[in-house]
Amino acid sequence: MEFVDTHAHLTDEAYNEDLIETLERAKSVGVTKIITMGDTVENSAASLRLAEEYSGIFAAVGVHPETAAEWDKNSAEKLYELAKSEKVVGIGEIGLDYYWEKDEEKKELQRKIFIEQLRLAKELNLPVCVHDRDAHGDTLKILKTEGKGVLGVCHCFSGSYEMAAELFKMDFYIGVDGPLTFKNAAKLPEILAKSPKDRVLLETDSPYLSPAPMRGKRNEPANIPHIAAKLAEIWNASVEEVAEITTGNAKRLYQKTA
Ligand code: NI
């Protein structure tokens with residue numbers, strides 16, 4: 001069995017003490033590949049350094065909406081340079097976060113840098129990893145217009161089935177992580193039951209969002225099988241089948257991991 005954790009933050013200080021053991025634990029349960037996300041230009045460079053050091057780690061580079069204020073006139077150029085590496089498999093994580101940001105001017109800045117990074121992805125022919133929190137309408141609108149032709153995933157999907165269906169029409173994927181295993185997972189199990197299986201990616205968002213048995217503790221890529229088990233239950237499939245399908249999906253979207 002082989003899994004890809006398509007969204008983690010391995011540069012987080014939570015792994016300062018035991019990154020090697022964390023990677024070994026992941027490998028021991030079949031998580032052979034991990035994509036670590038950038039959230040600032042500096043952190044994107046650090047993510048790439050980590051990917052260059054470990055064969056099973058790949059990087060995405062990008063500026064997260066929560067750090068939009070750090071964007072300057074050189075950011076796009078710097079990300080472009082980093083993205084030329086063989087180990088950079090996508091642009092992420094990028095997007096909109098209206099949960100943490102209520103200021104209209106700052107939301108406008110988030111939209112501006114989201115659009116700039118979508119252009120970058122198009123130019124580099126790389127997929128995007130999209131963060132959308134409480135910003136479903138604007139995210140979809142921007143992906144359909146400025147992002148037209150770019151492929152990607154809405155990570156930690158929290159929208160409606162109608163939104164998911166719109167994304168599938170655009171050949172987008174949805175990413176599922178720990179919250180699927182929570183008792184208050186709301187509509188997500190229902191949405192996944194109806195979603196085409198070839199559009200779903202597994203991810204942990206480590207060190208955040210630990211799945212049910214570990215909820216509240218530090219998350220890590222080795223927890224992917226807990227999410228896979230829940231998805232297997234929803235799909236009425238075996239965990240092996242879920243591994244095969246989602247790993248195939250991950251390699252189809254993030255081609256440089258294949
Ligand atoms: Ni994340």
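This is a short dialogue on reading the fold, metal site and empty spaces of a predicted model.

Trainee: Let's start with the fold. How many helices and strands does the chain have?

Mentor: Nine helices and eight strands, and keep in mind that this is a predicted model.

Trainee: How do I judge the overall packing? What is the radius of gyration of the chain, and what does the globule rule give?

Mentor: Put the two values side by side. The radius of gyration is 17 Å and the globule rule gives 18 Å for 258 residues, so this chain is as compact as a globular protein of that length. Along the principal axes, the C-alpha atoms fill a box of roughly 45 × 40 × 30 Å. As for burial, 55% of the 258 residues count as buried.

Trainee: On to the metal. Which residues coordinate the nickel ion?

Mentor: Look for the donor atoms around the ion. Here they are NE2 of His-7, NE2 of His-9, an OE atom of Glu-93 and an OD atom of Asp-205, at 2.1 to 2.3 Å. Along the chain, these donors follow the spacing H-x1-H-x83-E-x111-D. His-7 sits in strand β1 (residues 3-8), while Asp-205 is in the loop between β8 (200-202) and α8 (224-235), so this pair ties together parts that are 198 residues apart in sequence.

Trainee: What about the geometry: is the site of the nickel ion regular or irregular?

Mentor: You go by the angles among the donors. The four donor atoms make angles of 84 to 171 degrees, and the site is irregular. A tetrahedral label would need all angles between 85 and 135 degrees.

Trainee: Are His-7 and Asp-205 buried or exposed?

Mentor: The cut-off for buried is under 20% relative accessible area. His-7 has 0% relative accessibility, so it counts as buried. Asp-205 has a relative accessible area of 9%, so that residue is buried too.

Trainee: Now the empty space. How do I find it?

Mentor: Rolling a probe the size of a water molecule over the atoms shows where empty space is left. In this model, the largest pocket has a volume of about 770 Å³. It is lined by 32 residues, and those closest to its centre are His-131, Arg-133, Cys-156, Asp-205 and Leu-209. So you meet Asp-205 again, the residue that also coordinates the nickel ion.

Trainee: Which elements give two or more residues to that lining?

Mentor: β5 (128-133), β7 (173-176) and α7 (188-194). The largest share, three residues, comes from β5. By class, the lining divides into 13 nonpolar, ten polar and nine charged residues.

Trainee: And the second largest pocket: how much space lies in it?

Mentor: About 290 Å³. Of its 15 lining residues, Asn-125, Leu-126, Pro-127, Leu-151 and Leu-253 are the closest to the centre. Helices α4 (104-124) and α9 (239-253) each give two or more residues to the lining. The classes here are eight nonpolar, three polar and four charged.

Trainee: How many cavities of 30 Å³ or more does the structure hold?

Mentor: One. A cavity differs from a pocket in that the probe fits but cannot get out. About 30 Å³ of space lies in this one. Its lining is Asp-132, His-136, Cys-154, His-155, Cys-156, Phe-157, Ser-158 and Gly-159. Sorted by class, that gives three nonpolar, four polar and one charged. Cys-156 turns up in this lining and among the residues closest to the centre of the largest pocket.

Methods
Residues numbered from 1 in each chain as written. Predicted model: local features only at pLDDT ≥ 70, side-chain atom pairs only at ≥ 80, totals over all residues. Heavy atoms only, no water. 1 Å grid on protein atoms, 1.4 Å probe; cavity = no way out; pocket = protein on both sides within 12 Å on 5 of 7 lines; lining within 4 Å. Points joined across faces, edges and corners; volume = space filled by probe spheres on them. Nonpolar A, V, L, I, M, F, W, Y, C, P; charged D, E, K, R; others polar. Donors = N, O, S within 2.8 Å, 3.2 Å for Na, K, Ca; no water. Tetrahedral: all angles 85-135°; square planar, octahedral: opposite > 155°, others 65-115°. Helix = DSSP H or I, 4+ residues; strand = E, 2+ residues; numbered from the N terminus. Buried < 20%, exposed > 50% of the residue type's maximum accessible area, 1.4 Å probe, protein only. Rg over C-alpha atoms; globule rule 2.2 N^0.38 Å.
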